[in-house]
Protein chains: 2
Amino acid sequence: MEQNLSLFYGLSFLTAILAFLYAAYLYLWVKKQPVRNARIQEVAALIKEGANTFMRREYRILAKFAGVIAVIIFLLLPSPVWNGSPLVNLSMAIAYLFGTIFSAIAGKIGIMVATHSNSRAAEGAKEGMKPAFLIGFRGGAVMGLLVVGCSLFGVAAVLMIAGDSSILLGFSFGASSLALFAKAGGGIFTKTADISADLTGKVELGIAEDDPRNPAVIADNVGDNVGDVAGMGADLFDSNVAAMASALVIAESLSDGGHHTISMVFCYAILGLLSSVIGIATARIGKNGNPTRALNSSTYVTTGIFLVLTALATAICPGFSWRIWGASATGLLVGVIIGITTDYFTDDTKPIVRKVAHASGSGPAFTILSGVSYGFISALPAMVGIAVSALIAYNLCAPIGEGFAIFGIAMAAVGMLSIVGMIISNDAYGPIVDNARGLAEMGGLGEQTIATADELDSAGNTVKAVTKGFSVGAAGLTVISLLGAFMSEANAALSQAEMELITGFDIMDPSVFFGILIGAAIPAVFSAMLILGVDKNAQRMVAEIHRQFQTIPGLKAGKKGVKPDYDKCIDIATSGALKELIPAGLMTIIATLIVGFVGGPRAIGGFLLGNITSGLLLALFMSNAGGLWDNAKKYVEAGNEGGKGSEAHKAAVIGDTVGDPFKDTAGPSINTQITVVSLVASLMSGLFVAFSLFG
Amino acid sequence: MEQNLSLFYGLSFLTAILAFLYAAYLYLWVKKQPVRNARIQEVAALIKEGANTFMRREYRILAKFAGVIAVIIFLLLPSPVWNGSPLVNLSMAIAYLFGTIFSAIAGKIGIMVATHSNSRAAEGAKEGMKPAFLIGFRGGAVMGLLVVGCSLFGVAAVLMIAGDSSILLGFSFGASSLALFAKAGGGIFTKTADISADLTGKVELGIAEDDPRNPAVIADNVGDNVGDVAGMGADLFDSNVAAMASALVIAESLSDGGHHTISMVFCYAILGLLSSVIGIATARIGKNGNPTRALNSSTYVTTGIFLVLTALATAICPGFSWRIWGASATGLLVGVIIGITTDYFTDDTKPIVRKVAHASGSGPAFTILSGVSYGFISALPAMVGIAVSALIAYNLCAPIGEGFAIFGIAMAAVGMLSIVGMIISNDAYGPIVDNARGLAEMGGLGEQTIATADELDSAGNTVKAVTKGFSVGAAGLTVISLLGAFMSEANAALSQAEMELITGFDIMDPSVFFGILIGAAIPAVFSAMLILGVDKNAQRMVAEIHRQFQTIPGLKAGKKGVKPDYDKCIDIATSGALKELIPAGLMTIIATLIVGFVGGPRAIGGFLLGNITSGLLLALFMSNAGGLWDNAKKYVEAGNEGGKGSEAHKAAVIGDTVGDPFKDTAGPSINTQITVVSLVASLMSGLFVAFSLFG
């Protein structure tokens, strides 16, 4: 085994380095593209400065937080340092810090690339669809390659050095705790600015989205970067690490001692990254091509390459099981199917978006009611998809041997996330071209360029549906395997304490049921806290914008040389986001601790289940309803149902505003919340066994 | 045992008859009150006619539906008639029909009383708070006494005649299947009319809520009766029967063969009804008293009486266990606590409603976002309450013997619902005084009378929070005990088929997990279908109202003698409700069948759990968010945040409109949906064991 594994470690590092090099090449290519317009250069510099300020202040807070957690981990985990072995605790604490640092670096570099790409994509849009698309896509690809490279490198390094997969849980917890706060903070920032800019600009004054008179317009563009690029990168880094970590923890406990299975996890991850590299390198768009089709087809190409490569590897490598390949392929295909069904609910060429746009003609209440309803319905196909893929993966792998069934589910998650490099490229493309659109408007590049940028932006929104399908689905499967990881960690502690082992979590057991109900309430409360953060913060910013319009002479009229105070708005968004960032995340961790120390490990099993069940439902509901409202608004703005300025348009803008924190703050944060809770539970399992009230 | 039980049967019938007699006395008292105003008589007659027309058309459809189901039951349940004994199937089918008929009668009589009480309460409000309150409350009490009397009588009669508690599940299914459709149909009717009347009248024209020029105003008042009175009566009849039925099914399977436990269920139900009679008889309000306090204090009085009486009974009757009394008392007290915490989120003297009203000043998007957030948070205390009461009841009763733990949970539900007679009185009071307010306005009874009626109406909205706490909490506990009932029914079938018995539902079992995820999606889809029904239907009605204002000369100006075409609006609400009534309910039943026949009994266990978990969350969220928006609107209308006509008011009205189908259509229907699914599962358990694909 050792030799085999060393080979895969080596290959992991090599592939990661290859990805880094390719990312560096793409970054240099993007930087080489020209920016000639002085106004664009000026605004782009403001955006970059705003984003860097926010990131610096955010990371300063998070560094303190991570430091405190690292000390707690050293003192208590996996077992109190005065009882156990200090060296293990130290490794765990270091792995944790390592996870946070990797996550921070991925976010930081993503921001750097995105704030370089946006102005170049705007200039590119002057030349046409093709150059602008390539700049946006390659900028996004830098982020995608880095995130996946970092996670592969990090996981391989931690496992190689520590030699114990449970230390990986610490690394994963580092990644996900940082992701939780980065996602929440960035999400609150971006939506505070977006909502305030829209309500005061579009709704009250009837000026365009990125009109430079609007004091919130720079903050809005900063938000796209800190929320969508940095937050999303941290999120998918976390999912990817968690999926690999849980698969590796389970693999180690298998009857073969992880002989082939550990190699298989690395092999598939390596091939996933390679497939993404090929997919990125071959992504093309015709001169006047359709950017949505270009993005989606590169996803499908990557999927196909991955399936073929892993099939070859499974055929060649001795001991690789076809059943596990099947589980992995099931995960990936179900991810694609979830994406396509989600697309049905949010694509404006399909009936649902049009129905909501039509309902808007009767007033905003109908926009909200129809959007909420279709959002609820849209959760069903994905929930069924996750349920079915878990059932198939489990039954495919159960015959291999004991424990392999859960490993099959973990590999379905790994399969779903295998092409995450491609997914992130598509996802990060969105905020870059969104920024480019704003810059084109503020730089006065003319109608034609704005229209091109608009089309690129709209493609970014549409492919989001597909990518979100992957991330939510993978989170669902990962958490089931984390539940397996939790059970094996808890049983290790139970057997040490000579107590009865856990063989499962029976829903008729009142401790489990107790955990389930409370776990189910947590994602709702968590989402509410984030949305309230946006709501309160946006009210402050709207007041500030009103003040500026009233007190700065000539601003509203657009007098030449009169500029709003952009910095004040960036500052409001920043302080508000930093204030609201910690409580929601901390609440979920504390709730896990309370349930664990009150109800014991069985209650925690229920808690994780309740959390994932309602978490998936709410995440899908909020992401899809938000996307639906956004596109319904765009559909009206394209001249349907009365077009811009009509009553339907006003109603659709209100729907979009409600949807903004749904889809970009709360919805995507729930994923991370679920993972964090699962990892806290796994890490604390020993303490819950030792110190629970009723367990 | 037989002698003992006969005594309790006899006492059950006697108490039920006592309740019927007292209800008759109250009905005659209400009828004796004078109605002098000719306009009120005329409008009240229109409301009564509209309500009766709807009920007649609704029951005609439901009769056909019930007939089909009865035939299916006869053919297939509990086992196919060609394999089993036809007599048992026939009993089951008859019990089912008996359940539907009782439910229909309770609804029908409730409507009769409510449509008599409304005009009398309006006249009473001319004299002052006290007479109007008494008429509204006693009208509601007729409904409360009838529903509880019917359920006690029905359950005792079915069990006595059939001698087999599983037949009770058929009776309960009859009650709940009718409730599901009555609630959905009535809920769609009432909110179609309410929303349309508000949007066209209040928002567009700025006329008062019950202005007789509005073509939808009669339909709106009809809706209060068919949705709130009839629907709510059917709903609580169903909950009460389900709680008793599941307790009795479990009691029969206990080691004492139900010797004392069956008696105990009946004894507590009898004492609950007696406590409600005393509470109703002693309800009083001072000459200028506070109606909210009067309603809530009668709830607390009833609670106290019930606790004392059951303690006495437990002390006197040989074999009654104090532990079971404790479980029951826990249920009741937790019900009160849930009600009080819910009240915190929806009472306009508390901060949450004021925050939402304040947020409305920044526009409707903030009304929606803050209401959604607080709605999510409001679910937490109730979820914790249900989880804790289940944990306490289970642990209190587990030491008595095997099976008693689940019986304890069932008795906690019985305890929570013990004072349901009082709860319904308070609940039915709401629509009566709401109607009275409308009649006072349409009859031109003057500002003073309208103000009195307004205060009475607002009290009705506030106590709803407390009563909804009981009904949602009880549904939660009942379904856990129905899960127990399902397990014992499934095991009976498994042992007959000589298959491995179910000892629990392990969430790590992929069949269970499969069921959980799909079960969790169902309440969301169900709610969405109902809300979309309201949404579509209201759009039709709004168009019709616009047509009338445009084509009927002098209507908008309020020219004397010009009347709108009220009937057309009633007809739109009726046909729309009847069209949308069946699909949502049928979807939940079909989903249960698919999961059962695909995944087998273990998947169904998971399905029920997922269903109850997300169902509770969504029911609490939607009911509370709706109540919150309603009261925030009322708070603004009382002159705060700019008062009527301000931007905050417009935003608050949009919030209220969104909340309407949340709180009065989807939210309260979820309860019934959960019960129906559980009963379908229990009844079909034998077939799922015999014919499932993967089970």
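These exercises work through charge, burial and helix geometry in a predicted model.

**Exercise 1.** Find which residues form the patch of positive charge on the surface, and which helix supplies the largest share.

*Solution.*
- Step 1. The patch gathers Arg56(A), Arg60(A), Lys64(A) and Lys108(A).
- Step 2. Helix H2 of chain A, residues 38-76, gives the largest share: three residues.
- Step 3. Lys108(A) sits in helix H3 of chain A, residues 86-127.
- Step 4. Patch members need over 30% relative accessible area. Lys108(A) has 39% and counts as partly exposed.

**Exercise 2.** Classify both partners of the salt bridge between Glu123(A) and Lys126(A) as buried, partly exposed or exposed, and place them in their helix.

*Solution.*
- Step 1. The N to O distance is 3.7 Å. The cut-off is 4 Å, so the pair counts as a salt bridge.
- Step 2. Both residues lie in helix H3 of chain A; they are three residues apart, so about one helical turn separates them.
- Step 3. Buried means under 20% relative accessible area. Glu123(A), at 3%, is therefore buried.
- Step 4. Lys126(A), at 43%, is partly exposed.

**Exercise 3.** Do the same for Lys650(B) and Glu647(B).

*Solution.*
- Step 1. Their side chains meet in a salt bridge at 3.7 Å, N to O.
- Step 2. The two residues are three apart in helix H17 of chain B, residues 647-691, so about one helical turn lies between them.
- Step 3. Lys650(B) is partly exposed at 43%. Glu647(B) is exposed at 55%.

**Exercise 4.** Describe the salt bridge between Asp664(A) and Lys663(A), and name the network that holds these residues.

*Solution.*
- Step 1. The N to O distance is 3.2 Å.
- Step 2. Asp664(A) is buried at 7%. Lys663(A) is buried at 5%.
- Step 3. Salt bridges link Lys191(A), Asp194(A), Asp630(A), Lys634(A), Asp660(A), Lys663(A) and Asp664(A) in a network.
- Step 4. For context, the structure holds 40 salt bridges over all chains.

**Exercise 5.** Compare the span of helix H4 of chain A with its expected span, then state its cover.

*Solution.*
- Step 1. H4(A) covers residues 129-162, which is 34 residues.
- Step 2. From first C-alpha to last, H4(A) reaches 49 Å, close to the expected 50 Å.
- Step 3. H4(A) is mostly covered, with 28 of its 34 residues buried.
- Step 4. Gly163(A) follows H4(A), and its phi is positive, near 65°.

**Exercise 6.** Locate Gly667(A) and give its distance from Ser527(A).

*Solution.*
- Step 1. Gly667(A) is in helix H17 of chain A, residues 647-691.
- Step 2. Gly667(A) has 2% relative accessible area and is buried.
- Step 3. Ser527(A) is 140 residues away in sequence, but 7.4 Å away in space, C-alpha to C-alpha.

Key
Residues are numbered from 1 along each chain as its sequence is written. Chains are lettered from A and ligands numbered from 1 in the order in which they are written. This is a predicted model: local features need pLDDT of at least 70, side-chain atom pairs count only at pLDDT 80 or more; totals for chains, interfaces and linings use all residues. Side-chain values use heavy atoms; hydrogens and water are left out. Patches are made of residues with over 30% relative accessible area and no salt bridge: like charges are joined within 9 Å, nonpolar side chains (Val, Leu, Ile, Met, Phe, Trp, Tyr) within 5 Å. Accessible areas come from the Shrake-Rupley method with a 1.4 Å probe; for residues, only the protein chains shown count as cover. Lys and Arg count as positive and Asp and Glu as negative; His and the chain ends are not counted. The place of a charge is taken as NZ of Lys, CZ of Arg, CG of Asp or CD of Glu. Helices (H or I, at least four residues) and strands (E, at least two) are DSSP runs, numbered from the N terminus. Buried means under 20% relative accessible area, exposed over 50%, partly exposed in between (1.4 Å probe, protein chains only). The expected span of a helix is 1.5 Å times one less than its number of residues.
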